[in-house]
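Reader: I've got a structure open and I'm not sure how to read it. Can you walk me through it, one feature at a time?

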2 protein chains.
Amino acid sequence: MSGDGTVGKALDVLDLVAGFGHPARFSDLLAHSPYPKATLYRLLQTLVTQRMLAFNPDRSTYTLGLRLVRLAHAAWDQSALAPIARPHLDVLSAEVGETVHLAQMDHAQVLYVDKRNARDPIPMYSQAGKVGPAYCTGVGKAMLAYLPEANLPGILSQQSWHAFTAKTITSATAMMQELTLIRARGFAFDDEEHEPGIICVAVPILSTGGAVLGALSVTSTTARTNLGKLAELAPRITQIARTIGQETTNWRFPEETAHPNRERA
Amino acid sequence: MSGDGTVGKALDVLDLVAGFGHPARFSDLLAHSPYPKATLYRLLQTLVTQRMLAFNPDRSTYTLGLRLVRLAHAAWDQSALAPIARPHLDVLSAEVGETVHLAQMDHAQVLYVDKRNARDPIPMYSQAGKVGPAYCTGVGKAMLAYLPEANLPGILSQQSWHAFTAKTITSATAMMQELTLIRARGFAFDDEEHEPGIICVAVPILSTGGAVLGALSVTSTTARTNLGKLAELAPRITQIARTIGQETTNWRFPEETAHPNRERA
DNA sequence: AAAATAAGTTTCACATATTGGAACCTGCAA
DNA sequence: TTGCAGGTTCCAATATGTGAAACTTATTTT
């Protein structure tokens, strides 16, 4: 598959372990891996000594390792968008009192990188970090609409176009029309296209150069509101998204000199 | 070094990029990497195609990739301790109104996996994920005290014993005494051993079998309180830690059958 | 504008790490 | 004892990775 040399294979194994929602045994992994027993065994060993995986000798199971958590912390922290956007998410969340999502494109999918929930703010790890489809979510469509046209065919061809609901857009051509509409309007809706009863408004977050950095959305239910009312929030959301976009663009590393790299033990 | 074949080198490079707090150029990385130009170049390319790193062609810089964020989500989510402990951290945080830390041992260091801050609860990624020394933090000492004796010499020999403050414990022998004291008392203090003015109480989180799962601490400042007052919190913290330990132990995977692995696109 | 320098990329003969079939250990059940 | 499944190790064949050096851009300097 994606196998780019040994590293690619090792990372595949990492994904495999991550895919199980629980500690996995060697034989579980073997059954779901394309690699022969000895090869998988060695890959696992390597990952364990690298502390990307942890091996529990009592139960002889593999789980994801703490080095991953450390790397991930760094990943989130130095992604330009998420840390900058956070205070703005707080503001928006407080103002609208509805679920707020921050997402980025990952491959051809949507990756939720942060989230706010009205009543009790849910710490991000729990809910963010998940991936979702691009073609039937508000944030996905908002980003697609502002992507360079050259990239679109490639990305659209990777969508699964599964009809989650009767309103799901299920073809690239229909999507192209929708995207034109979104560009004209400046924001995107999700009109129960992914889950029945769930609707949202989403706006893209653009760099000052116009590049898509991510998307911001406010989600609610048809029981509580409707698209018309959500649309009224769009100017405010757009304003916040523009601020985030500008701050992120400006946060362009003013040529550090010192090397703040971790010292080796 | 840690170099376990190609995978080890690739992960070293990943750490290197993570070590910079900002997007890094090829030459920056080259200057701080033990690998020759061509080798580093290829490793970077591999990591980029694997989406563990992202390359920005405009500025020709490398940053950590989104695949890492996804993996990290899974890592945190299926680590037995952190998700189970979260609601308890919320409770403790609300009760004591001080900073609360949840930590685990990583190698011979302390990894903070979750955190609560009194005023505005800070979502974990931002502040947690950091590593700290074991020998001069409350959580570190609490865990050391309950580790199997056989593991102790190895771990203690890896401590740097840097005297952050005048009160820092700076030798393995002194630490052994301190650990005996901690076991007798059932909880650990950090008496300004890491940062002046910062004090904390910490208790270990143990499985019902007695294995160290992590540690829980409440941190404050000498300006606001003192060790005596912090000690009064110990019974409550211990109680919560015991609950977390029990729940974590009980949450022992009841032999799943189906394979809930992510489908490949 | 030309020359000099630096930054990034590719090449290729060579060394090494990876491969995976098969043999080999366990522990456990019949 | 035998059988068997999960797990671990071997080792020759070979695919992969290596890195000095050559080569292309960019970016200065003269």
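Reader: Let's start with DNA strand D: which protein atom is 3.1 Å from one of its phosphate oxygens?

Author: Keep in mind that this is a predicted model. To read a polar contact, look for a pair of N or O atoms within 3.5 Å. Here, the partner of that phosphate oxygen of DNA strand D is a polar backbone atom of T6(A), at 3.1 Å. Chain B joins in with a side chain: a polar side-chain atom of T39(B) lies 3.0 Å from a phosphate oxygen of DNA strand D.

Reader: And what part of DNA strand D does R42(B) reach?

Author: A base nitrogen: a polar side-chain atom of R42(B) lies 3.0 Å from one. As for where the surface near DNA strand D comes from, α1, α2 (26-31) and α3 of chain A, along with α1 and α3 of chain B, each give two or more residues to it. The largest share, four residues, is from α3(A).

Reader: How many residues surround DNA strand D?

Author: There are 15, and the closest are S27(A), Y41(A), K9(B), T39(B) and R42(B). Now look at the DNA side: of the atoms of DNA strand D within 4 Å of the protein, sugar and phosphate account for 65%. Sorted by class, this surface has five nonpolar, six polar and four charged residues.

Reader: Let's do the other strand. Which residues are closest to DNA strand C?

Author: K9(A), T39(A), R42(A), K37(B) and Y41(B) are the closest, out of 14 residues that surround DNA strand C. Sugar and phosphate make up 62% of the atoms of DNA strand C that come within 4 Å of the protein.

Reader: Which residues have polar atoms by its phosphate oxygens?

Author: Check whether side chain or backbone is involved. K9(A) uses a polar side-chain atom, 3.0 Å from a phosphate oxygen of DNA strand C, and T39(A) also uses a polar side-chain atom, at 3.1 Å from a phosphate oxygen. With S27(B), a backbone N or O atom lies 3.2 Å from a phosphate oxygen of that strand. The elements giving two or more residues to this surface are α1 (5-19) and α3 (37-49) of chain A, plus α1 (5-19), α2 (26-31) and α3 (37-49) of chain B.

Reader: OK, on to sheets. In what order do the strands of the open sheet in chain A run?

Author: The general idea is that strands of a sheet pair through backbone hydrogen bonds, either parallel or antiparallel. In this case six strands of chain A form an open sheet, ordered β6-β5-β4-β9-β8-β7, with antiparallel pairing. β6 (131-132) and β7 (188-191) of chain A each have a single partner strand, so they stand at the edges, with one side lacking a neighbour in the sheet. β7(A) pairs with β8 (residues 198-206) of chain A over four bridges, and F189(A) has V201(A) in β8(A) as its bridge partner.

Reader: Which helices pack on that sheet?

Author: Helix α5 (residues 81-96) of chain A is one of them, touching β4 (99-106), β5 (109-116), β8 and β9 (212-221) of chain A, with its direction at about 150 degrees to that of β4(A). Chain B supplies helix α4 (residues 66-78), which touches β4, β5 and β6 of chain A and makes about 130 degrees with β4(A).

Reader: Last one: is H101(B) buried or exposed?

Author: Compare its relative accessibility with the cut-off: under 20% means buried. H101(B) is at 14%, so it counts as buried. This residue is in strand β4 (residues 99-106) of chain B, and among the residues it touches are Y112(B), D114(B) and L216(B).

Note on methods
Residues are numbered from 1 along each chain as its sequence is written. Chains are lettered from A and ligands numbered from 1 in the order in which they are written. This is a predicted model: local features need pLDDT of at least 70, side-chain atom pairs count only at pLDDT 80 or more; totals for chains, interfaces and linings use all residues. Side-chain values use heavy atoms; hydrogens and water are left out. Buried means under 20% relative accessible area, exposed over 50%, partly exposed in between (1.4 Å probe, protein chains only). Contact means heavy atoms within 4.5 Å. A residue is near a molecule or strand if one of its heavy atoms lies within 4 Å of it. A polar contact is a pair of N or O atoms within 3.5 Å; within protein, one must be able to donate a hydrogen and the other to accept it, and residues adjacent in sequence count only if both atoms are side-chain atoms. Two strands pair if DSSP finds at least two bridges between them. Axes are lines fitted to C-alpha atoms, for helices over the stretch in contact, and angles run from 0 to 180 degrees between N-to-C directions. Ala, Val, Leu, Ile, Met, Phe, Trp, Tyr, Cys and Pro count as nonpolar, Asp, Glu, Lys and Arg as charged, and the others, Gly among them, as polar. Lists of a residue's contacts leave out its neighbours within four places in sequence.
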